[in-house]
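Biologist: Could you take me through this one? I'd like to start with a single residue and then move on to the sheet and the core.

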Amino acid sequence: MNKLFRFIPLLLLISGISFIPVTNVLADGENDMDKNEINISISPKDTLFDISNMKPGDWAPRTITVKNSGSKDFDYQMQLRNNGEEKLFNELILEIKDGQKELYQGKLATFKSLPTRNLTTGSEENLDITIRFPEHLGNEFQGLLTAFVFTFTAEGKDNIAVQAMAQGQIDSGSSTSIGKILPDTATNIFNLMLLGTVLVAGGIVMMIITYYRRMKLAQ
């Protein structure tokens with residue numbers, strides 16, 4: 001058994017080497033965040049609207065928080081892009097407010113962008129966004145699905161632009177609606193950790209087997 005204990009430092013060394021890549025990945029990610037002088041973040045960050053069975057006369061209020069998470073002040077713009085059927089998209093009404101101040105009221109289809117807004121480092125603001133289904137729309141607008149994307153683009157004095165996006169989806173009652181498509185945010189960090197653990201465990205098992213084989217041969 002004394003000989004077996006001699007392998008412990010070697011096993012610890014192997015274990016440390018296996019986890020060095022994972023540690024480096026985590027450290028690099030933290031360093032990259034620290035270096036982001038221009039960094040805009042939004043909440044919710046993936047889906048702002050996900051509405052099923054919306055009918056004429058209905059409305060859906062939402063609030064999105066825009067934050068300056070970087071180390072420098074920036075100006076930002078909010079834009080909208082259609083990703084679905086145009087028939088329903090062209091008729092829905094969009095309202096955007098900053099507190100009591102109205103920033104936009106009109107159709108989704110005619111909205112281009114908000115006037116440039118400024119956020120100092122560490123500050124944030126809430127935008128109240130409401131989508132309305134006009135009451136006068138008839139049965140021909142039932143069973144339609146539209147999807148769109150809000151894009152927030154921040155730009156500093158050095159013209160370094162970064163973006164954040166939130167998706168929207170409106171279903172006017174179709175029983176065959178398709179699901180929304182979300183961005184792939186998977187990471188390989190946990191796969192590396194699992195691989196490192198398997199390699200360490202496999203190395204330990206092989207060394208124990210080799211040790212006992214040598215013991216048997218020595219008898």
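Modeller: What follows is a short walk through a predicted model.

Biologist: Good. Where is Asn 68 placed?

Modeller: Asn 68 belongs to strand β3, which covers residues 59–68.

Biologist: And is Asn 68 buried or exposed?

Modeller: Asn 68 counts as buried, because its relative accessibility is 1% and the cut-off for buried is under 20%.

Biologist: What does the side chain of Asn 68 have a polar atom close to, say at 3.0 Å?

Modeller: That would be the backbone nitrogen of Gly 70, which lies 3.0 Å from a polar atom of the Asn 68 side chain. Leaving aside neighbours within four places in sequence, Asn 68 is also in contact with several residues, among them Asn 39, Asp 73, Phe 74 and Leu 119.

Biologist: Switching to the open sheet, what's the strand order?

Modeller: The 5 strands run in the order β2-β10-β9-β4-β7, with mixed pairing, and the twist from one strand to the next averages 25°.

Biologist: Why do β2 and β7 each have one side without a neighbour in the sheet?

Modeller: β2 (47–51) and β7 (117–119) stand at the edges with a single partner strand each, so one side of each has no neighbour in the sheet. For β7, strand β4 (residues 74–82) is joined to it by 3 bridges, and the two run antiparallel; within that pairing, Tyr 76 has Arg 117 as its bridge partner.

Biologist: Last topic: how many residues has the largest nonpolar core?

Modeller: It has 38 residues, and those with the most contacts inside it include Tyr 76 and Phe 152. Phe 152 in turn touches Tyr 76, with Ile 40, Val 66 and Leu 127 also among its contacts beyond four places in sequence.

Note on methods: Residues are numbered from 1 along each chain as its sequence is written. This is a predicted model: local features need pLDDT of at least 70, side-chain atom pairs count only at pLDDT 80 or more; totals for chains, interfaces and linings use all residues. Side-chain values use heavy atoms; hydrogens and water are left out. Helices (H or I, at least four residues) and strands (E, at least two) are DSSP runs, numbered from the N terminus. Buried means under 20% relative accessible area, exposed over 50%, partly exposed in between (1.4 Å probe, protein chains only). A polar contact is a pair of N or O atoms within 3.5 Å; within protein, one must be able to donate a hydrogen and the other to accept it, and residues adjacent in sequence count only if both atoms are side-chain atoms. Contact means heavy atoms within 4.5 Å. A nonpolar core is a set of buried Ala, Val, Leu, Ile, Met, Phe, Trp, Tyr and Cys residues joined through side-chain atoms within 4.5 Å. Two strands pair if DSSP finds at least two bridges between them. Axes are lines fitted to C-alpha atoms, for helices over the stretch in contact, and angles run from 0 to 180 degrees between N-to-C directions.
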